[in-house]
Structure formats: C-alpha cells, structure tokens
Amino acid sequence: LGSSSSVPFTSIFSQLFMTVVVPLIIGQIVRRYIKDWLERKKPPFGAISSCVLLMIIYTTFCDTFANPNIDLDKFSLIIIVFIIFSVQMSFMFLTFLFSTRNNSSFTPADTVAIIFCSTHKSLTLGIPMLKIVFAGYEHLSLISVPLLIYHPAQILLGSLLVPTIKSWMVSRQK
C-alpha cells in the first residue's frame, strides 16, 4: 500500500491474549463447573454462534465498504477473488496429497477432516486480529477485503467439493 509503520509487539500480543486466549480459558473453566447443567438444558449454542458470526461478518462488511477512502476497483476485486479461490484450492489439493501418501496412516475420514480443517480460517479470529494489529491504520478496510472474501470462498468451495469428496471417501472405505 506504499506505507510502513512500526509494530508494538508487546501491546499487540497482550491485546490478542486478552481477546482470544483469556476468553477461551475462562470458557473452559466455567464449562467444567456447569457441564451437567448444560447437558440438561441444552442451550442453543449453535444458533448463538451462527448469529454472532453473522454479526461479525455484517459489521466488518459495513465497516469495509462504508469507508469512503477504500479505493478498490472491480477489476482488482475480481483478481483478489481469483487469487483467493486459487490459493484455497491449492491448499486443499496439497493437504489431500500429503494425507493420502502411501506411507500415510490416515483413513479416508481422516483425510476429509484434514482437508477441511487445515485450510479453513474464520473471520471470528481474523477480524479481531486485524483490528488489533492495524488499529488506527487508515487502510484497515482495504486490508480486511481478502479475509472477507476468503471466508465465503472456503464455505462455497467446501460445499461444492462435498459430493466429490464424499464419493471418494465412500469408495476408499469399501
């Protein structure tokens, strides 16, 4: 983007620790004490998680494209989409190759899990990290565009590849 800056690593790591690690630790500790209650009541955590993710995506899209300083033409956006789809497919193909090598001890089900889990990243972690690392940076909206495209791309590619991967897995398990 034609600019540079210094990065306050201590501040960034402390903010990331407080934003990501501390809530995770607190959640694990609290879960240990209320596990029985959670199993009895079965709160709709899946729906809550989906709503929170949708809210994060929506607010990030609004912040990104409501910024009048974002200078992103349609051709650049198409190139970014093409690059992201290519990178995602390459990562999925490489993980498939590595997990299906002859000396690999992975089952077909393991391979499917490896393909989908190792290549997928989430906006729920990426956006807070970007906001912490690039706090106050005027081009934060522009920096978040690839992540905003990557997340839907991984969902779209995953859903398109499910039938192919499922038939491969079923044929290998027989």
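Let's start near the end of the chain: residues 143-165 are 100% helix and 0% strand, with their end C-alpha atoms 33 Å apart. The model you are looking at is a predicted one. This stretch is also one of the spans that UniProt, in an unreviewed entry, lists as "transmembrane region"; the others in that record are 12-33, 45-66, 78-99 and 111-137. Residues 12-33 make a nice companion, as that span is likewise 100% helix and 0% strand, and its end C-alpha atoms lie 31 Å apart.

**Helix 6 and its kink**

Helix 6 covers residues 140-173. With 34 residues, helix 6 reaches 47 Å from its first C-alpha to its last, close to the 50 Å expected at 1.5 Å a residue. Have a look at Val162, where helix 6 has a kink of about 45 degrees. The proline Pro163 follows shortly after that point.

**The chain as a whole**

Stepping back, the protein chain holds 6 helices and 0 strands. Reading from the N terminus, the order of elements is α-α-α-α-α-α. How does the radius of gyration of the protein chain stand against that of a compact globule of 174 residues? The globule would be near 16 Å, whereas the protein chain has 20 Å. The C-alpha trace spans about 55 × 50 × 30 Å along its principal axes.

**Two pockets**

Here are the two pockets side by side.

| Pocket | Volume | Lining by class |
|---|---|---|
| Largest pocket | about 550 Å³ | 8 nonpolar, 5 polar, no charged residues |
| Second largest pocket | about 210 Å³ | 8 nonpolar, 1 polar, no charged residues |

Which helices supply at least two residues each to the lining of the largest pocket? They are helix 1 (9-41) and helix 2 (45-65). In total, 13 residues line the largest pocket, and Pro23, Leu24, Ser49, Val52 and Thr124 lie nearest its centre.

The second largest pocket is lined by Met89, Met92, Phe93, Phe96, Ile115, Leu161, Thr164, Ile165 and Trp168. Two elements, helix 3 (74-99) and helix 6 (140-173), give two or more residues to that lining. This brings us back to the kink of helix 6 at Val162: Leu161 and Thr164 are among the residues lining the second largest pocket. As for character, the lining of the second largest pocket has 8 nonpolar residues, 1 polar residue and no charged ones.

Terms used: Residues numbered from 1 in each chain as written. Predicted model: local features only at pLDDT ≥ 70, side-chain atom pairs only at ≥ 80, totals over all residues. Heavy atoms only, no water. UniProt positions renumbered as here; feature names shortened; annotations may be inferred. Helix = DSSP H or I, 4+ residues; strand = E, 2+ residues; numbered from the N terminus. 1 Å grid on protein atoms, 1.4 Å probe; cavity = no way out; pocket = protein on both sides within 12 Å on 5 of 7 lines; lining within 4 Å. Points joined across faces, edges and corners; volume = space filled by probe spheres on them. Nonpolar A, V, L, I, M, F, W, Y, C, P; charged D, E, K, R; others polar. Expected span 1.5 Å × (residues − 1). Bend = angle between axes of the 7 residues up to and from the residue. Rg over C-alpha atoms; globule rule 2.2 N^0.38 Å.
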